[in-house]
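Dear colleague,

I am passing on the structure below, together with some notes on its aromatic residues. Please keep it open while you read, as the notes follow the residues one by one.

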Amino acid sequence: MVKKIALIFSALQVLPTRWMQWHLLALLLGKCFVNLCVYLYLTYIFICRYAKNPALLGIELLNEPSAATVSLDVLISYYKQGYQIVRKYSSSAYVIICQRIGVADPMELYQANIGSHNLVLDLHFYNLFDTFFNNMSAMDNIQYIYKSREGQLQALNNSNGPLILVGKTDIYS
């Protein structure tokens, strides 16, 4: 029996911890452009090397950008450039983009026209960091996810945008 392995690449996974500390410091200081160029370069290196490998499922361009430190304009520009790099070498690999974490609407990326083929929006629902959920029990949080998040996901699905991956959901208990 032949087993198939699918791989999703994330530039954050290949960078050393100390580099990540510099990256986070640069983001806090508002110097994210240089670091995003490094991510684009890593994406280019990876896709050039593995584009024809059948195990490559997708490439995540950036995980959990902060709405407080990364502007929407910078993020959209980065995502568009990353999408074009991947498409230049692979028509089948999924390009995974992540919503901004914090006070941001995932719909903003649907309206950005980043790409039209094999684009996936990685949603992270963090009830834990929203004060709205502070006085809810764990069961109340779960019910909120089932009732309210379902409607939000349905609205996104009906928007004729990227595919949706719910990457993380944390609840407060």
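Tyr50 counts as partly exposed, because its relative accessibility is 27% and the buried class is reserved for values under 20%; please bear in mind that this, like everything that follows, comes from a predicted model. Phe46, by contrast, has a relative accessibility of 10% and therefore counts as buried. Both residues belong to helix α3, which covers residues 32-50, and they sit four residues apart, about one turn of the helix. As general background, an α-helix has 3.6 residues a turn, so residues three or four places apart point the same way.

A search of the whole structure gives four aromatic pairs. Phe46 and Tyr50 make up one of these, a tilted pair with 4.6 Å from centre to centre and 40° between the planes.

Tyr78 and Tyr79 also pair: their ring centres are 5.8 Å apart and their planes stand at 45°, so this pair too is classed as tilted. Tyr78 is counted as buried at 2% relative accessibility, and Tyr79 is likewise buried, with a relative accessible area of 0%.

Helix α4, residues 72-89, contains 18 residues and spans 26 Å from its first C-alpha to its last, close to the 26 Å expected at 1.5 Å a residue. Its buried residues include Tyr78 and Tyr79, along with Leu75, Ile76, Gly82 and Tyr83.

Finally, one aromatic cluster is formed by Tyr41, Tyr44 and Tyr89.

With best wishes

Methods
Residues numbered from 1 in each chain as written. Predicted model: local features only at pLDDT ≥ 70, side-chain atom pairs only at ≥ 80, totals over all residues. Heavy atoms only, no water. Phe/Tyr/Trp six-rings, centres within 6.5 Å; stacked < 30°, edge-to-face > 60°. Helix = DSSP H or I, 4+ residues; strand = E, 2+ residues; numbered from the N terminus. Buried < 20%, exposed > 50% of the residue type's maximum accessible area, 1.4 Å probe, protein only. Expected span 1.5 Å × (residues − 1).
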